[in-house]
Amino acid sequence: MPKIEYIGEHLWVGQIGHFAILLSFVAALFAAFSFYKAQKPGNKGWLSMGRWGFIIHAFGLFSIITTMLYAMYHRMYEYTYVQRQVSDDLPIYYLFSSFWQGQEGSFILWMFWHVILGFILIRTAHKWEPYVLATLSGVQTFLMTMLLGIYIPFTDNQKIGSNPFALIRDIMDAPIFNNADYLSIITGTGLNPLLQNYWMVIHPPVLFLGFASVTIPFCFAIAGLSSKLHNDWLRPAFKWATFSGFIYGLGILMGAAWAYEALSFGGYWAWDPVENSSLVPWLIGIAGIHTHLIARSTGRSIGSTYIYYGLAFIFVLYSTFLTRSGVLGDTSVHSFTEMGLENQLILFMLTFTAIPIYLYIKNRNSIPKVEKEEAIYSREFWMFIGAMVLLFSGVLMTVSTSLPVFNKIMLLFDSDYIGQVITDQMDHHNKYQLWIGVFIGILSSLSLLLRFKEFNWVSYKTKFLKSAGMILGLSALATFAVLPNLETTNWSHGVLLFSGFIAVITNLFHVFLFGKNNQARLASFLSHFGFGILILGILISGLNKKHISTNPFAQQGITADSKLDKVVTLIKERKFFLNDYWVTYESDTLEGNLRKFDISFAKKDENNNIIDSFKVRPNALYSNDFKKIETWNPSTKRYLHKDIFTQVSGYPAHLLDIEVAHQLEDSLNYVPYSLKIDEPFEHKDFTITLKGVNYQPILSENDSVKYDMGIGLRLEFLAKESAQNEIYRTEPALGLKNALVYQFPKSIDDLGIKIKVDDQLFSDVFQDEANLEYESIVMKEGEVITWKDYSITLNGFDRSPEHANYNKQEGDIALGGNLSIRKGEIESDITPIFIIRDSQQFSIKDFGTNIGIHARFSSIDPNSGDMTFALAEGNSTVVEYPIVIAEGVPRSDILVLEAQVFPGINLVWGGCLMMLFGFLASLFKQKKLDF
Amino acid sequence: MNKLHIVASIAILVAIALLVMSTKDISSYATFEIAERSQQRVKIVGNLDVTKDVSYDPENAPNYFTFNMLDANGISNKVILNEPKPRDFEMSESIVVSGKMEVEGFVADEILLKCPSKYKDEELALKKDS
């Protein structure tokens, strides 16, 4: 194939980008090596080399980001990544979202945070710097390989990494690339409309900062193990661990809030594999924080802390593998597709599993141990158990989530193996994790009553038993009070409720009754109290959530069990009674690309007084060409004690997609009718009366398109079946623009009919120019003359006349004659135009629609001031007005509403936020300590 | 053996017990034939049978959606979902339904669509005017 000289490509951008990738990769490798060398005392030279390596690595990374954003901003579609993430019409504020939407971009985001954290460590980690930065640079080296995009020689297209600057014509083999100017015909795929919201702007950066933050305690753990300074690293690492707990938790919480708000998954948590795999490292990190606390207070559990921080990072890598390798396939709603990075990801994971294992085994004997066994009534013992329960939770979740991986492995050995899936994901996880919640609820609170390194249990015992007894009693009372109000018959829910109350009550007690230094205990109080509140919130919102969009009367007989109904159909401007609420779909309005639906809810008491009323506005987003609805946005009414979530979950097919509308239109059978003014026409189902003709009908929804002329028929329909003798008034119309006739049909949804004015009417009313008999009249300004039965006045002139048929040109001399034509009661003002263009004379005709006079401005005599007009009478003898009616037309004024109440949902958010504030409180408590 | 070791061993035993128990939570992707025979709740993966009608009438039965699906063996069967029609249904590449075989068809209570939006990469978007 001859080499094609492609037009319009910006190859230098990709060359800079790819160079930056290589530079950044080599620099990271160099930094890792230098920092490693700098670990030996007295190697100042290596330390400075390591720092420079890291700085160059960062410079490379920032260059990659800048270059990529530049290419995306300028829509350089020759680059695959640009083509897949942006499109011409993508708003600029989604540029960053598109950037981290893709696989490569999210790796870059992750590395970006590592670099930022790395810089902070260079300034603050002091003697730990060479250790921590060596590991971090090593991690960066591996991550950078994901971007290399280098083909391995002598293999079948095996490559290392996926270069975000790859050219689309190198990736794809399509005939379009035989065209040297292919760039002028391709456009970008853009950001999925589902992702075009503010969550996509804030959630990924926070979550990836969370991922990145897990790396730092891991780096410290490696540092501790390899330096054998097992006690020294605990202090500087602790604030990083709490920071990680906070920011990673916030990232997960944001994901939950997004899922809840968009509710396409039915709530804030769906036990989706991707969700699980991001939760597991956090849980294990939290377990690590607890053993870390034990280690700092008692000197025990240092080994466990190593293990937990190691596992947390390994599980981040495993989560990366699950989400990005494509192995989850159809078990998850939000995983990436395969990119050929699987082996690389596995190698990454194995490397960073092997290093800590090797170091642990090698140096385990130097880890300090407390010889005496911890007492069973000491706080550290139960905290340790608690940490183990967290790990246990993570392991259970991981095993279930890894089922697709297990299937893949089995397939390697047995190609006939049939893959297994979890039949009911939600049920499966809820069932097991419920007990984790119970254990954590009880352990996290009762262990607070115990003391570290218990030394005088005999005298403390009575106090402990008293408090514990009181707490258990109160919790039991609270449980018995609340449980009957929960929609459950499952006793295990009662146990969980009990443990939630234990957590809440103990923590209140602990702070307000026993609290001697509240400040120091704030962190513990907030996080454990928050956990208790979260448990209560999960139970209340999960068990008592209810669909209010059900209508038991309307649905009978259609579905076997109307309790299953989740949605109900509303008809515009009609009240429906649904589960205590009167619900009305009031109107819909088009604002830009959004169609907003106004739906009102009113709750009444027995005396018919409205006790609660509110409005929701879910909406639909049209594609930019208005041909179909792209996505739907729900609307939530929030109260302190509950949320009412609403969304439009169904809409007539012909309003969703213009193609369906065309198909429907083609399938309709239009029957012609001929109407006379004020003469009722009897149809078998209704009576039609033509009340009049409107020559100025409203044609487009927002009056955005101007029509040259229009004609509408004012019709009245009286339904014969209807008991109320309801009259439907409607006005179908025709519009004329640039000699084309446009239909403006109208539907009467209650009658299931669609009415059009027959095209024929236009030529009946507005005749062809050829059939008109023009007569010339001569007038002067201000003169009134009588022509036939009409009184005609020349009121004056318009020196810059405008008319739909007149396209103004430079150098035109144009004059409009303002004529008033009157016949009896009817008066019409029209302005025919006389034009001289390039010394040629033209005239633009005007037509008085309501009076039926066609007028032309034929000539001007500048000497005498005589103006010549040509007038013709239109054929106003039309007495029969043709219309066509189709029956059996589906309604257009309906929508299917889903409305759901989530009671106590704010307990979930409040509980989570309190837990996060707990981490913050801990972080601020440590601010006095050196960073 | 200290207390923590005992606790850890108990935890491991419990974990094994739970995992054994949880094997009843999993099943392989079934086919319509298996669903018919077993009368159990199963998961079936397949594709939309485009030769047959997809029917949803928001006006009269908003909670009733039916279509025909081809399972892994290429057998077509009617599927009934007591829910509104999922968005972008026609665009889905493959469909996973969970439910039971009944007289009137396979009654699903859960549906998962694999949409090509994630797989859009294989096609090039062309400008509209070309």
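Select A:Arg729 to start: in this predicted model, A:Arg729 is exposed, at 62% relative accessibility. Now add A:Glu716, which forms a salt bridge with A:Arg729, the closest N and O atoms being 3.1 Å apart. A:Arg729 lies in strand E18 (residues 727–730) of chain A and A:Glu716 in strand E17 (residues 709–719) of chain A, so the pair ties together parts 13 residues apart in sequence. Unlike the exposed A:Arg729, A:Glu716 is buried, with a relative accessible area of 16%.

Next, select A:Arg617 and A:Asp598. Their closest N and O atoms are 3.2 Å apart, and the two form a salt bridge. A:Arg617 sits in the loop between strand E9 (610–616) and strand E10 (619–622) of chain A, while A:Asp598 belongs to strand E8 (residues 594–604) of chain A, so this pair links parts that are 19 residues apart in sequence. Colour by accessibility here: A:Arg617 counts as partly exposed at 33%, and A:Asp598 as buried at 12%.

Go on to A:Asp232 and A:Lys127, whose side chains meet in a salt bridge (2.8 Å, N to O). Both residues are in loops of chain A: A:Asp232 between helix H8 (198–227) and helix H9 (234–262), A:Lys127 between helix H5 (103–124) and helix H6 (129–145), so the pair ties together parts that are 105 residues apart in sequence. The relative accessible area of A:Asp232 is 35%, which is partly exposed. A:Lys127 is also partly exposed, at 44%.

For a group rather than a pair, select A:Arg574, A:Asp750, A:Arg891 and A:Asp893, which are linked in a network of salt bridges. Over all chains, the count comes to 34 salt bridges.

Move to A:Asp812, in the loop between strand E25 (790–798) and strand E26 (813–823) of chain A. A:Asp812 is buried, with a relative accessible area of 16%. Show the side chain of A:Arg837 as well; a polar contact of 2.8 Å joins it to the side chain of A:Asp812. Leaving aside neighbours within four places in sequence, the contacts of A:Asp812 also include A:Tyr806, A:Asn807, A:Ile835 and A:Ile836.

A short stop follows at A:Trp52 in helix H2 (residues 44–73) of chain A. A:Trp52 counts as exposed, at 54% relative accessibility. The distance between the C-alpha atoms of A:Trp52 and A:Ser34 is 9.5 Å, with 18 residues separating them along the chain.

Finally, display chain A and chain B together. Their contact takes 64 residues from chain A and 50 residues from chain B. The area buried between them is about 5000 Å², with carbon and sulfur atoms giving 59%. Two salt bridges are found across this interface. One pairs the side chains of A:Lys566 and B:Glu83 (3.3 Å, N to O). Eight residue pairs are in polar contact between chain A and chain B, counting those with both residues at pLDDT 80 or more.

To see what chain A brings to the contact, select helix H13 (379–401), helix H15 (425–449) and strand E13 (642–650), which are among the elements that each supply at least two residues. The largest share, seven residues, comes from H13(A). By class, this side of chain A has 32 nonpolar, 21 polar and 11 charged residues.

End at strand E3 (420–422) of chain A, another of the contributing elements. Three bridges join E3(A) to strand E1 (residues 26–28) of chain B, and the two run antiparallel. Select A:Val421 to find its bridge partner in E1(B), B:Ser27.

Notes: Residues numbered from 1 in each chain as written. Chains lettered and ligands numbered in written order. Predicted model: local features only at pLDDT ≥ 70, side-chain atom pairs only at ≥ 80, totals over all residues. Heavy atoms only, no water. Contact = heavy atoms within 4.5 Å. Buried area = accessible area lost by both parts, 1.4 Å probe. Salt bridge = Lys/Arg side-chain N within 4 Å of Asp/Glu carboxyl O. Polar contact = N/O pair within 3.5 Å; in protein donor to acceptor, adjacent residues only side chain to side chain. Helix = DSSP H or I, 4+ residues; strand = E, 2+ residues; numbered from the N terminus. Nonpolar A, V, L, I, M, F, W, Y, C, P; charged D, E, K, R; others polar. Pairing = 2+ DSSP bridges. Buried < 20%, exposed > 50% of the residue type's maximum accessible area, 1.4 Å probe, protein only.
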